[in-house]
Amino acid sequence: MQQAEKKQRENWGSRFGFLMAAAGSAVGLGNIWRFPYLTGENGGGAFIVVYLICIVVVGLSIMTAEFAVGRRTGLAAVGAYKSQNKNWTFAGALGVLSGFFIMGFYPVVGGWSLAYMVKSVTGLLAAPEAIGDVFGGFIGAPVEPLAWMIVYLAINLVIVAKGIAGGIEKAGKVLMPTLFVLLLFIIFRSVSLPGAAAGLSFLFKPDWSAVNGSTVLAALGQAFFSLSLGMGCMITYGSYLNKKENLPSNALTVVAMDTSVAIMAGLAIFPALFAFGMEPTQGPGLVFVVVPSIFAAMGSIGTLFSVIFFAALTVAALTSSLSLMEVVVAYLIDEKSMPRKTATYLTSAIMAVMCVLSSLSLGVMSKVTVFGVGAFDFFDILTDKIFLAIGGMLLAIFVGWFMKKEDLKDELTNGGTVKFGLFEVWYNLVKFVIPVAIAVVAYFGITAIAQKSLMIFGLLIILVLAIFSKKL
Ligand code: TRP
């Protein structure tokens with residue numbers, strides 16, 4: 001199996017291919033669906049400033065560290081930790097669990113995006129005043145969103161079962177730039193609407209009174225989520241990378257691409273939102289309501305743009321969810337010697353059940369809660385607010401304290417052949433600053449957040465994993 005993995009790894013050897021794969025994993029629903037609504041819920045500009053600080057100080061360093069661990073060990077998440085130190089297997093296992101949990105709600109939203117491609121041509125845009133209600137009705141329905149989720153998950157299954165991400169990568173190479181151009185176009189439309197200025201000042205005039213511990217934790221969690229960090233995804237991708245690539249500069253490129261797309265999504269949405277007199281705090285429906293409303297005002301060409309937008313969003317989501325599913329599947333293949341097909345079917349079946357619960361929790365099952373939240377929020381909050389950040393903290397501790405400094409330097413400078421002038425800064429950030437910073441943010445975040453018992457439950461899960469991980 002190891003051998004087969006190695007061969008496959010060489011397939012995406014070119015620099016461009018790798019960048020597209022890593023950027024494909026990073027750029028997804030996190031940027032276009034999640035970032036704008038979190039910004040809206042957390043008061044706008046101030047949240048963005050905190051988010052950017054998290055990206056530069058924590059995200060970029062952790063991305064570099066994950067690439068280094070992956071390429072050094074040549075192994076996926078669990079194996080990478082295990083190969084260095086058996087006691088650390090649990091950190092990899094936590095990543096696999098995070099992958100499962102994220103895939104417990106991500107395909108639900110992926111399904112919405114698929115559905116909106118079709119809805120764009122079947123009358124959604126014809127009644128602009130009803131767009132908000134249509135969304136609310138749709139996601140709470142008992143059957144329709146489930147059907148789309150299953151279609152979305154099935155696409156993932158087929159691609160991961162075949163072990164060839166080639167097709168989707170090709171689609172990504174066309175549709176990701178398309179998404180980029182389309183966002184530029186929407187931004188242009190959005191800022192030229194009468195009343196758009198209020199949206200711009202919401203984005204760029206920070207209101208610091210909106211910031212507290214839970215906002216900072218939300219920003220940190222979003223940084224991890226958006227960059228695909230804290231669960232071993234970028235370790236796995238780093239293991240595919242050949243020895244000639246410059247890791248810090250690749251990390252910088254991926255981070256820059258991901259962050260620009262998020263900011264662009266904000267610029268596309270908020271000016272229009274204020275122009276239409278909508279609420280920034282409407283939550284997960286934001287993109288699905290604002291973007292169609294922009295297109296609805298443009299006549300039949302708007303319909304075409306809307307279809308392309310949701311097609312591009314679906315593909316961006318797919319390149320991300322594939323990477324999530326791959327982390328879980330790679331674990332079962334590498335560590336449990338499961339054939340790829342079996343691993344994929346098993347994984348997908350479990351994810352499908354979780355997604356059914358998540359989707360129903362937004363409608364008919366909204367009264368069924370654990371620790372005060374429904375299934376969708378359960379998976380979302382646990383991963384985004386605890387698991388990823390703790391996963392990132394563990395990685396930083398592992399790299400800073402359990403790997404040799406010379407090895408890291410060797411890996412990040414390709415044996416001294418390329419320059420990494422900021423090595424010492426990076427090293428000290430990873431070794432000292434980041435673990436402490438994450439611990440502090442997590443502490444104040446957890447004490448400020450409404451779902452305290454859920455957070456404590458999450459910490460308990462990590463503890464249990466740490467105790468029983470030797471068996472994994
Ligand atoms: N980054 C992706 C997005 O923004 C989601 C994602 C893919 C992810 N792989 C991940 C999140 C690994 C956390 C960890 O949509």
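Is S337 buried or exposed? S337 is exposed, because its relative accessible area is 57%. That residue gets its own close-up below, along with a handful of other spots in this predicted model.

**View 1. The whole chain, before zooming in.** Helices do the work here: the chain has 21 helices and zero strands. The C-alpha atoms fill a box of roughly 60 × 45 × 45 Å along the principal axes. For 472 residues, a compact globule would come out with a radius of gyration near 23 Å, and the chain has 21 Å, so the two agree. Buried residues account for 61% of the 472. If you take the contacts between residues at least 6 apart in sequence, 83% of them link residues at least 24 apart.

**View 2. The outer surface and its charges.** About 17400 Å² of the chain is exposed, and carbon and sulfur atoms supply 70% of that area. On the charge side, there are 30 positive and 23 negative charges. Take the mean position of each set, and the two points sit 7 Å apart.

**View 3. Helix α8 and what covers it.** Helix α8 spans residues 131–140. Its buried residues are I131, F135, F138, I139 and G140. What lies over them? The cover includes α7 (106–119), α9 (144–162), α15 (286–296) and α17 (340–360). When you look at the spacing along α8, keep the helix geometry in mind: an α-helix has 3.6 residues a turn, so residues three or four places apart point the same way.

**View 4. P142, just past α8.** P142 belongs to the loop between α8 and α9. With a relative accessible area of 44%, P142 counts as partly exposed. Which residues does P142 touch, once its neighbours within four places in sequence are set aside? They are L360 and V364. The L360 pairing is a long hop in sequence terms: P142 and L360 are 218 residues apart along the chain, yet their C-alpha atoms are separated by 6.4 Å.

**View 5. S337, a loop residue with positive phi.** Back to the residue from the opening question. S337 sits in the loop between α16 (300–336) and α17. Its phi is near 50 degrees, a positive value in a residue other than glycine. As for the solvent side, S337 is exposed, given that 57% relative accessible area.

**View 6. F371, another loop residue with positive phi.** F371 is in the loop between α17 and α18 (375–402). Phi of F371 is also a positive value in a non-glycine residue, near 50 degrees. F371 is partly exposed, because its relative accessible area is 34%.

**View 7. Cysteines without partners.** How many disulfides does the chain have? The count is zero. For C54, the nearest cysteine sulfur belongs to C233 and is 20 Å away, so with a 2.5 Å cut-off on the sulfur pair C54 is in no disulfide. C54 counts as buried, because its relative accessibility is 8%. C355 is in no disulfide either; its nearest cysteine sulfur is again that of C233, at 17 Å. The relative accessible area of C355 is 0%, which means C355 is buried.

Technical notes:
Residues are numbered from 1 along each chain as its sequence is written. This is a predicted model: local features need pLDDT of at least 70, side-chain atom pairs count only at pLDDT 80 or more; totals for chains, interfaces and linings use all residues. Side-chain values use heavy atoms; hydrogens and water are left out. Helices (H or I, at least four residues) and strands (E, at least two) are DSSP runs, numbered from the N terminus. The radius of gyration is taken over C-alpha atoms; the globule rule is 2.2 Å times the number of residues to the power 0.38. Buried means under 20% relative accessible area, exposed over 50%, partly exposed in between (1.4 Å probe, protein chains only). Contact means heavy atoms within 4.5 Å. Accessible areas come from the Shrake-Rupley method with a 1.4 Å probe; for residues, only the protein chains shown count as cover. Lys and Arg count as positive and Asp and Glu as negative; His and the chain ends are not counted. The place of a charge is taken as NZ of Lys, CZ of Arg, CG of Asp or CD of Glu.
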